Amino acid sequence: MLKHCNYHHHPKSENEACLFHPIPLCLEYGPRTGSRRHLFEDDESETRVDVAQGYMTNTELERAIKAFGQRCSNISRVYSIGESVNGVPLWVIEISDKPGEEEPEPAFKYIGNVHGDEPVGRELLMLLANWICDNYLKDPLATSIVDSVHLHILPSMNPDGFLLRRRGNANNIDLNRDFPDQFVPVNDYVNGRQPETRAIMKWLREIQFTASASLHGGALVANYPWDGTQDKRKNYFACPDDETFRFLASVYSGSHHNMSLSKEFEGGITNGASWYPIYGGMQDWNYIHAGCFELTLEISDNKWPIANELLTLWEYNKMSMLNLVASLIKTGVHGRIFSSDGGRPLPGFIVIKGINYTVQASRGIADYHRLLASGGRYEVTASAPGYKSKTTGIWLDKGGTNVDFVLDPNVNLRGIPLRSAFECRWGTRSVIWDTHLEVYLLLIVIVGFLLFLCKRRTYSRLKQRQLAGPKRPVVV
């Protein structure tokens with residue numbers, strides 16, 4: 001048996017529900033017996049009622065989130081992405097030196113409590129937020145995350161399930177089986193999905209996340225795509241960025257107290273389909289539809305451990321959680337895409353030779369963040385409609401690199417740029433600037449001038465010469 005001293009936590013006051021005071025408590029642990037997926041049955045036993053003691057209720061969690069927003073207002077903002085079935089707000093904490101502003105920085109999100117009976121994540125995410133706030137400008141890792149990343153934390157995706165002490169939401173739907181799936185012909189109509197699922201999908205349309213992780217319980221492993229297979233069989237099914245995902249999963253596992261020492265999962269990581277296939281999962285949907293590299297993190301063998309174990313679990317996972325966020329700026333290639341004609345940002349595309357996956361630059365400031373495994377040479381190509389693509393080689397050793405691309409517009413046979421064929425999108429609407437916009441504007445000026453002459457009914461030779469004279473080009 002292994003013996004560890006742990007700490008029980010409780011709030012100082014109602015306004016500081018997210019702060020904790022340690023009270024020593026020694027716990028004993030037996031040997032880990034492998035992954036346990038469903039620790040509790042659906043009965044309402046006395047044990048299940050007692051196990052929630054010491055965890056924040058939904059009301060207490062909301063108070064803790066708002067108290068954090070007030071205490072750390074200089075580096076955070078609090079907002080809601082929607083509501084659960086029963087109308088509980090899905091609160092998010094954003095941590096950044098410029099929260100709510102668009103910057104050429106990667107965005108990361110943590111999501112906890114996807115399954116209602118796996119509440120460790122909601123507690124650990126509040127501890128993470130408070131640790132970063134308390135150590136900003138004191139600890140280099142905390143400072144680097146605040147200054148260089150936009151970190152978004154959703155402590156509870158399934159508050160109704162937490163209240164009901166069950167896996168599914170208030171409609172008893174497993175939210176991690178409710179997303180569109182590439183292998184199963186499920187209904188992709190978004191309004192047919194659960195409100196919590198729709199909230200996540202809408203969230204990712206509004207914010208371009210580079211990477212993400214959801215926190216679960218019942219095993220100890222970092223899981224990466226694909227989660228399903230074409231033939232529905234259990235086997236390793238790699239996504240195009242398999243090497244990068246293995247790298248990210250290893251960042252978490254290798255920083256953990258003992259995840260990488262797993263006897264069940266080599267290195268403490270696993271391909272989802274190799275472990276057991278699922279369909280309708282949030283992880284694969286993020287990668288396919290939102291350009292977001294998401295991991296599914298199983299952070300405790302016990303789905304709902306007693307509250308006295310929470311601070312030990314926090315110490316076991318703290319560096320993993322921090323290093324995973326920091327990996328966004330410590331690896332990969334980052335930069336912006338510009339037009340050589342005027343220097344305007346181009347929301348173009350980034351492709352890596354040999355990897356069948358495209359990363360899109362942001363619509364506003366055209367910044368891109370392409371995660372890649374360290375220790376290799378890559379050929380990076382930037383492109384945009386109406387512009388000549390450019391390719392450069394990079395070498396990633398122990399850190400990331402920054403490359404800005406300046407693209408030249410395509411030209412026709414007369415050397416006139418065809419840049420105006422570039423498509424700009426706002427939401428679901430598209431505006432295509434015509435290739436001959438300048439010509440049309442010039443014709444409008446000429447026609448207007450002719451109408452002016454006709455109105456005055458002046459047909460003198462002098463006026464005719466003015467009309468036939470040289471025309472000034474219109475600058476747009």
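The points below comment on a predicted model, from its overall make-up to particular elements and residues.

1. Overall make-up. The protein has 476 residues, of which 50% count as buried. Its secondary structure amounts to 12 helices and 20 strands. Among contacts with a separation of 6 or more, 69% are between residues 24 or more positions apart. The accessible surface is about 22900 Å², and carbon and sulfur atoms make up 53% of that area.

2. Nonpolar cores. The largest nonpolar core contains 89 residues, and the residues with the most contacts inside it are Ile95, Phe108, Tyr110 and Leu297. A second core, separate from this one, has 22 residues, including Tyr79, Ile81, Val114 and Met282.

3. Helix H3. This helix covers residues 120–135, 16 residues in number, and spans 22 Å from its first C-alpha to its last, close to the 22 Å expected at 1.5 Å a residue. Helix H3 is mostly covered, with 15 of its 16 residues buried. Just after H3, Leu137 adopts a positive phi of about 70°.

4. The disulfide. The model contains 1 disulfide. The bond joins Cys72 to Cys133, with an S to S distance of 1.9 Å. The torsion about the S-S bond is about -100°, so the disulfide is left-handed. Cys72 belongs to the loop between helix H2 (58–71) and strand S3 (76–83), while Cys133 is part of helix H3; the pair therefore ties together parts that are 61 residues apart in sequence. Both cysteines of the pair, Cys72 and Cys133, are buried.

5. Other cysteines. Two further residues of this type deserve a remark. Cys239 has a relative accessible area of 5% and is therefore buried, since the limit for that class is under 20%. Cys292 also counts as buried, because its relative accessibility is 0%.

6. Asn113. This residue is placed in the loop between strand S5 (107–111) and H3. Its relative accessibility is 0%, so Asn113 counts as buried. The side chain of Asn113 is engaged in a polar contact with the side chain of Arg122, at 3.0 Å. When neighbours within four places in sequence are left aside, the residues in contact with Asn113 are Glu118, Pro119, Arg122, Pro155, Ser156, Met157, Asn158, Phe162 and Leu215. Arg122 thus appears in that contact list as well as in the polar contact.

7. Helix H9. Residues 282–289 form this helix, which is mostly covered, 6 of its 8 residues being buried. The buried positions are Met282, Gln283, Asp284, Trp285, Asn286 and Tyr287. Met282 is also one of the residues of the second nonpolar core. The cover over the buried residues of H9 includes strand S5, helix H6 (195–206), strand S7 (211–216), strand S8 (219–224), helix H7 (242–255) and strand S10 (293–300). After H9 comes Gly291, with a positive phi near 65°.

8. Points to inspect together. Helix H3 holds Cys133 of the disulfide, and the loop between S5 and H3 holds Asn113. Strand S5 in turn is included in what covers the buried residues of H9. A reader viewing the model may wish to examine these elements side by side.

Methods. Residues are numbered from 1 along each chain as its sequence is written. This is a predicted model: local features need pLDDT of at least 70, side-chain atom pairs count only at pLDDT 80 or more; totals for chains, interfaces and linings use all residues. Side-chain values use heavy atoms; hydrogens and water are left out. Helices (H or I, at least four residues) and strands (E, at least two) are DSSP runs, numbered from the N terminus. The expected span of a helix is 1.5 Å times one less than its number of residues. Buried means under 20% relative accessible area, exposed over 50%, partly exposed in between (1.4 Å probe, protein chains only). Contact means heavy atoms within 4.5 Å. Accessible areas come from the Shrake-Rupley method with a 1.4 Å probe; for residues, only the protein chains shown count as cover. A disulfide is a pair of cysteine sulfur atoms within 2.5 Å. A nonpolar core is a set of buried Ala, Val, Leu, Ile, Met, Phe, Trp, Tyr and Cys residues joined through side-chain atoms within 4.5 Å. A polar contact is a pair of N or O atoms within 3.5 Å; within protein, one must be able to donate a hydrogen and the other to accept it, and residues adjacent in sequence count only if both atoms are side-chain atoms.
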